[in-house]
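The exercises below ask the reader to work from the sequence and coordinates of a predicted model. Each task is followed by a solution that proceeds step by step.

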Amino acid sequence: QYWIGECYYSKAEYGKAIEEFEKVLKKHPKSEKAPGARLKIGYSYLNEKNTAKAKEHLNKVIKDYPGTPEAAKAKDRLKKIGK
């Protein structure tokens, strides 16, 4: 499921990517791919110029998956876009 999302993301089909990453979070919330899926949802919203939604998801990565590489990437991206 995660990789389907990645395929859409790489093709700049961000709406479809978000749908697939959401499925990862719904069906496999404890998966090792869950933090990455949440992060990519944030990135997808950024690419769609939806900064509010992007910030919401990036902050959720930091809150739900502290200490992960994904949380570090989310913090970095939030700094760049200005919390």
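**Exercise 1. Determine which residues Ser 44 is in contact with, leaving aside its neighbours within four places in sequence, and decide whether Ser 44 is buried or exposed.**

Step 1. Begin by placing the residue: Ser 44 is found in helix H3, which runs over residues 34-47.

Step 2. Once the neighbours within four places in sequence are set aside, the contacts of Ser 44 are with Tyr 9, Tyr 14, Ala 17 and Ile 18.

Step 3. The relative accessibility of Ser 44 is 0%, and because buried means under 20% relative accessible area, Ser 44 counts as buried.

Step 4. Turn next to the partners, among which Tyr 14, Ala 17 and Ile 18 also appear in the list of buried residues of helix H2.

**Exercise 2. Describe helix H2, asking how its reach compares with the expected one and what covers its buried residues.**

Step 1. Helix H2 comprises residues 14-27, that is 14 residues.

Step 2. From its first C-alpha to its last, H2 reaches 20 Å, which is close to the 20 Å expected at 1.5 Å a residue.

Step 3. The buried residues of H2 are Tyr 14, Ala 17, Ile 18, Glu 20, Phe 21, Val 24 and Leu 25.

Step 4. The cover over these buried residues includes helix H1, residues 2-10, and helix H3, residues 34-47. The contacts that Ser 44 makes with Tyr 14, Ala 17 and Ile 18 can be read alongside this.

**Exercise 3. Find how many salt bridges the model contains, and examine those that involve Glu 13 and Asp 64.**

Step 1. Apply the distance rule, under which a side-chain nitrogen of Lys or Arg must lie within 4 Å of a carboxyl oxygen of Asp or Glu; the count then comes to six salt bridges.

Step 2. Glu 13 forms one of these with Lys 16, the closest N and O atoms being 3.5 Å apart. Both residues are partly exposed, Glu 13 with a relative accessible area of 26% and Lys 16 at 41% relative accessibility.

Step 3. This pair does not stand alone, for Lys 11, Glu 13 and Lys 16 are linked in a network of salt bridges.

Step 4. Asp 64, which lies in helix H4, meets the side chain of Lys 60 in a salt bridge of 3.5 Å, N to O. Lys 60 and Asp 64 are four residues apart in H4, residues 51-64, so about one helical turn separates them.

Step 5. Asp 64 also meets the side chain of Lys 63 in a salt bridge, here at 3.6 Å, N to O.

Step 6. For accessibility, Lys 60 is partly exposed at 30% and Asp 64 is partly exposed at 33%, whereas Lys 63 counts as exposed at 63%.

**Exercise 4. Locate Pro 66, and establish what it touches and where it lies relative to Glu 20.**

Step 1. Pro 66 is found in the loop between H4 and helix H5, the latter covering residues 69-81.

Step 2. With a relative accessible area of 61%, Pro 66 is exposed.

Step 3. Not counting residues up to four places away in sequence, Pro 66 touches Val 61 and Ala 71.

Step 4. Pro 66 and Glu 20 are 46 residues apart along the chain, and their C-alpha atoms are separated by 23 Å. For another pair, Asp 64 and Tyr 14 are 50 residues apart in sequence and 23 Å apart in space, C-alpha to C-alpha.

**Exercise 5. Summarise the protein chain as a whole: what are its secondary structure and overall dimensions, and how much of it counts as buried?**

Step 1. The protein chain has five helices and zero strands, and read along the sequence it follows the pattern α-α-α-α-α.

Step 2. The radius of gyration of the protein chain is 12 Å, close to the 12 Å that the globule rule gives for 83 residues, so the chain is as compact as a globular protein of that length.

Step 3. Along its principal axes the C-alpha trace spans about 30 × 25 × 15 Å.

Step 4. Of the 83 residues, 40% count as buried, and the accessible surface comes to about 5000 Å², of which 51% belongs to carbon and sulfur atoms.

Step 5. Finally, among contacts between residues at least 6 apart in sequence, 41% join residues at least 24 apart.

Terms used
Residues numbered from 1 in each chain as written. Predicted model: local features only at pLDDT ≥ 70, side-chain atom pairs only at ≥ 80, totals over all residues. Heavy atoms only, no water. Buried < 20%, exposed > 50% of the residue type's maximum accessible area, 1.4 Å probe, protein only. Helix = DSSP H or I, 4+ residues; strand = E, 2+ residues; numbered from the N terminus. Contact = heavy atoms within 4.5 Å. Expected span 1.5 Å × (residues − 1). Rg over C-alpha atoms; globule rule 2.2 N^0.38 Å. Areas by Shrake-Rupley, 256 points an atom, 1.4 Å probe, with all protein chains shown as cover.
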